[in-house]
Amino acid sequence: MATFPSIEPSYSVKKQQKPITKVVRFADGYEHRLMFGIPNHQNPRQYNLRWENITEDEADTIDYFLNERAFDKASFDYAPPREAFTKTGTYAQSSTTITITITNHRLFAGDSLVVDFTSGSSADATYIVSSVTNANVFVVTATSGATTSGNVSITKTGSSKFTCDSWTKTINVANLANIDAVFIEKFEPA
């Protein structure tokens, strides 16, 4: 899988989301909204990105990369700005259930994160959030059972798979260019 070059976009970055739902409307005005598809794939992100006044070499690198993805019809890995974070908190493991408490964790069921248990005996690994209790508590599932507790550090990379259907390269002054592109999140197997 190709990874987008590590050239940071300029600000402002526009992020759009439109949840995928099916709506059933009944004659009496009642409306029922249903999730459509796999639960953690309900809300794809779309980013309008701009690289402003980058060198022409950097613009060519981005342009070449996106051209290659157009030819091979493949998605690419990209970590949008400000989507990655590291936070610390506490955890308690009972059997294979690990309950993690972190103030304002910003996670959803299905999110992937690296968990580093800084005390206790739980295994450091990449985990998938199995459920979210509230804004401060979520649950992951361990591969082996234990009873332990302690401190924890989590890291969410924010990286996901994206496609780019169109982009524009503008050269306003010698040796400097702008790239405007729209990245659309895709849900594919790893």
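Partly exposed means a relative accessible area between the buried limit of under 20% and the exposed limit of over 50%. The model shown in these close-ups is predicted.

**View 1. Lysine 169 and aspartate 60 form a salt bridge.** The closest N and O atoms of the two residues are 2.3 Å apart. This pair links distant parts of the chain. Lysine 169 sits in strand 11, aspartate 60 sits in helix 1, and 109 residues separate them. Is lysine 169 buried or partly exposed? Its relative accessibility is 29%, so lysine 169 counts as partly exposed. Aspartate 60 is partly exposed too, with a relative accessible area of 33%.

**View 2. Lysine 161 and aspartate 77 meet in a salt bridge.** Their side chains come to 3.5 Å, N to O. Lysine 161 belongs to strand 11 and aspartate 77 to strand 6, 84 residues apart in the chain. Lysine 161 has 12% relative accessibility, so it counts as buried. Aspartate 77 has 19%, so it counts as buried; the cut-off is under 20%. The backbone tells a matching story. Lysine 161 is the bridge partner of aspartate 77.

**View 3. Aspartate 111 and lysine 156 form another salt bridge.** Here the closest N and O atoms are 3.9 Å apart. Aspartate 111 lies in the loop between strand 7 and strand 8. Lysine 156 lies in strand 10, residues 137-156. The two are 45 residues apart, and both are buried. Elsewhere, Arg50, Glu52 and Asp180 are linked in a network of salt bridges. How many salt bridges does the model hold? The count comes to 8.

**View 4. Six strands form an open sheet.** Their order is 1-6-11-12-5-2, and the pairing is mixed. Which strands stand at the edges? They are strand 1 (2-3) and strand 2 (14-17). Each has a single partner strand, so one side of each is left without a neighbour in the sheet. Strands of a sheet pair through backbone hydrogen bonds, either parallel or antiparallel.

**View 5. Strand 11 pairs with strand 6 and with strand 12.** Strand 6 (residues 76-78) and strand 11 (residues 160-173) are antiparallel and share 3 bridges. Tyrosine 78 stands opposite serine 160 of strand 11. Strand 11 and strand 12 also run antiparallel, joined by 9 bridges. In that pairing, threonine 163 faces isoleucine 184 of strand 12. A hairpin joins strand 11 and strand 12, with 2 residues between them. Asparagine 175, in the turn, has a positive phi of about 70°.

**View 6. The largest nonpolar core has 18 residues.** Which residues touch the most other members? They are Phe4, Trp51, Ile62, Leu66, Phe76, Tyr78 and Phe183. Strand 5 (45-55), helix 1 (56-72), strand 6, strand 11 and strand 12 (176-186) each give two or more residues to this core. A second, separate core has 16 residues, including Phe85, Leu113, Phe117 and Tyr127.

**View 7. Phenylalanine 76 touches residues from several places along the chain.** Neighbours within four places in sequence are left aside here. Among its contacts are Met1, Ala2 and Phe4. Others include Phe65, Leu66 and Arg69. Phenylalanine 76 also contacts Ser160, Lys161, Phe162, Thr163 and Cys164, as well as Phe183.

**View 8. Some backbone angles in the loops stand out.** Most residues other than glycine have a negative phi, and most peptide bonds are trans. Asparagine 104 has a positive phi of about 50°, although it is not a glycine. Arginine 106 has a positive phi as well, near 60°. Asparagine 104 is in the loop between strand 7 (85-101) and strand 8 (112-117), and arginine 106 is in the loop between strand 7 and strand 8. Asparagine 104 has 44% relative accessibility, so it counts as partly exposed. Arginine 106 is partly exposed at 41%. Where is the cis peptide bond shown here? It joins tyrosine 11 and serine 12, with omega about 20°. Serine 12 is in the loop between strand 1 and strand 2.

**View 9. Val24, Phe26, Tyr30 and Leu34 make a nonpolar surface patch.** The patch covers about 360 Å². Phenylalanine 26 lies in the loop between strand 3 (21-25) and strand 4 (31-35). Its relative accessible area is 43%, so phenylalanine 26 is partly exposed.

How values were computed:
Residues are numbered from 1 along each chain as its sequence is written. This is a predicted model: local features need pLDDT of at least 70, side-chain atom pairs count only at pLDDT 80 or more; totals for chains, interfaces and linings use all residues. Side-chain values use heavy atoms; hydrogens and water are left out. Patches are made of residues with over 30% relative accessible area and no salt bridge: like charges are joined within 9 Å, nonpolar side chains (Val, Leu, Ile, Met, Phe, Trp, Tyr) within 5 Å. Accessible areas come from the Shrake-Rupley method with a 1.4 Å probe; for residues, only the protein chains shown count as cover. A salt bridge is a side-chain nitrogen of Lys or Arg within 4 Å of a carboxyl oxygen of Asp or Glu. Helices (H or I, at least four residues) and strands (E, at least two) are DSSP runs, numbered from the N terminus. Buried means under 20% relative accessible area, exposed over 50%, partly exposed in between (1.4 Å probe, protein chains only). Two strands pair if DSSP finds at least two bridges between them. A nonpolar core is a set of buried Ala, Val, Leu, Ile, Met, Phe, Trp, Tyr and Cys residues joined through side-chain atoms within 4.5 Å. Contact means heavy atoms within 4.5 Å.
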